[in-house]
Amino acid sequence: MISLFARGPTTSMTVHEVTSAAAGRITSSLFTSKTLHDRLERMAFPGVDELTRLIEPIAAAHGMDVEKVRTVAAGKKSQVVIALDSDAHPTLDELEAVSNELSELFDARENAGDINFGAGYTLEVTTPGVDLPLTEPRHWRRNRGRLVTVGEEKFRIGALDAAEEHVVLIATETKSPRAEVRPVSGLGPAVVEIEFNTPPSAQLQLAELSFDQAAERAAD
């Protein structure tokens with residue numbers, strides 16, 4: 001197994017290039033276990049839902065959420081890309097630990113004949129970039145203070161209430177920043193914007209207020 005590590009401006013990532021356990025087993029038993037070979041040949045590359053069910057318990061044990069799983073079935077160039085996140089934002093070492101556990105789990109499930117990755121695959125465990133749509137309350141919580149596009153409007157994200165059903169949004173396209181409260185369920189997918197300049201201090205001050213404090217400002 002070869003381990004490669006890389007860090008980008010908005011993501012941390014750990015990559016394992018894995019020789020499939022199933023492929024190795026087929027090679028060693030090709031002439032003595034044709035039944036096993038035929039069975040593995042019929043098995044499809046594991047799908048996203050199946051992999052997500054395997055990944056979630058390990059991610060949860062490390063305090064992380066599975067944000068996205070992507071697979072590319074392409075022989076020895078197959079890929080499994082897993083995006084994980086947490087309130088503290090995972091470090092590279094934490095991602096490596098999860099990647100190692102997932103690699104061992106996938107090998108064990110292949111050896112048991114439950115899944116088949118074919119000739120080999122690249123396992124990439126990373127954090128989501130800014131292009132992850134905000135669809136869950138945790139996404140809004142983890143991006144507090146960031147600039148976001150909601151429909152055709154731009155806001156800076158403030159605090160959520162205790163139930164995480166409402167979020168404070170600071171209007172950024174007015175001369176003076178204004179806080180308003182909106183239900184998270186009614187916002188739809190939103191997109192975080194990359195900022196190249198320092199955000200206005202007045203907007204950041206509103207974003208740092210507690211939900212109750214900001215809600216009072218919004219009611220004025």
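**Close-up views of a predicted model**

**View 1. Q203 is a residue of helix 6.** The structure shown is a predicted model. With a relative accessibility of 8%, Q203 counts as buried, because the cut-off for buried is under 20%. The side chain of Q203 makes a polar contact of 2.8 Å with the side chain of R156. Leaving aside neighbours within four places in sequence, the residues in contact with Q203 are R156, I170, T172 and P177.

**View 2. Five strands form an open sheet with antiparallel pairing.** The order of the strands is 9-8-7-6-10. Which strands stand at the edges? They are strand 9 (178-183) and strand 10 (191-192). Each has a single partner strand, so one side of each is left without a neighbour in the sheet.

**View 3. Strand 6 and strand 7 run antiparallel.** Strand 6 covers residues 147-150, and strand 7 covers residues 153-160. How many bridges join strand 6 to strand 7? There are four bridges. T149 stands opposite K154, a residue of strand 7.

**View 4. Helix 6 and helix 7 pack on the sheet.** Helix 6 (residues 201-208) touches strand 7, strand 8 (166-171) and strand 9. The direction of helix 6 makes about 40 degrees with that of strand 7. Helix 7 (residues 211-219) also touches strand 7, strand 8 and strand 9. The direction of helix 7 makes about 110 degrees with that of strand 9.

**View 5. The largest nonpolar core has 21 residues.** Those with the most contacts inside this core are I55, I82, L84, L102 and F106. Two or more residues come from each of helix 3 (48-61), strand 3 (65-72), strand 4 (78-85), helix 4 (92-111) and strand 5 (121-126). Which element gives the most to this core? Helix 3 does, with five residues. In soluble globular proteins, nonpolar side chains tend to be buried together.

**View 6. L102 touches I55, I58, I82, L123 and V125.** Residues up to four places away in sequence are not counted here. Apart from the largest core lies another core, of 15 residues. Among its residues are V130, W140, V150 and F155.

**View 7. The protein chain as a whole has seven helices and ten strands.** Of its 220 residues, 42% are buried. The chain exposes about 12000 Å², and carbon and sulfur atoms supply 51% of this area. Among contacts with a separation of 6 or more, 60% are between residues 24 or more positions apart.

Methods:
Residues are numbered from 1 along each chain as its sequence is written. This is a predicted model: local features need pLDDT of at least 70, side-chain atom pairs count only at pLDDT 80 or more; totals for chains, interfaces and linings use all residues. Side-chain values use heavy atoms; hydrogens and water are left out. Two strands pair if DSSP finds at least two bridges between them. Contact means heavy atoms within 4.5 Å. Axes are lines fitted to C-alpha atoms, for helices over the stretch in contact, and angles run from 0 to 180 degrees between N-to-C directions. Buried means under 20% relative accessible area, exposed over 50%, partly exposed in between (1.4 Å probe, protein chains only). Accessible areas come from the Shrake-Rupley method with a 1.4 Å probe; for residues, only the protein chains shown count as cover. A nonpolar core is a set of buried Ala, Val, Leu, Ile, Met, Phe, Trp, Tyr and Cys residues joined through side-chain atoms within 4.5 Å. A polar contact is a pair of N or O atoms within 3.5 Å; within protein, one must be able to donate a hydrogen and the other to accept it, and residues adjacent in sequence count only if both atoms are side-chain atoms.
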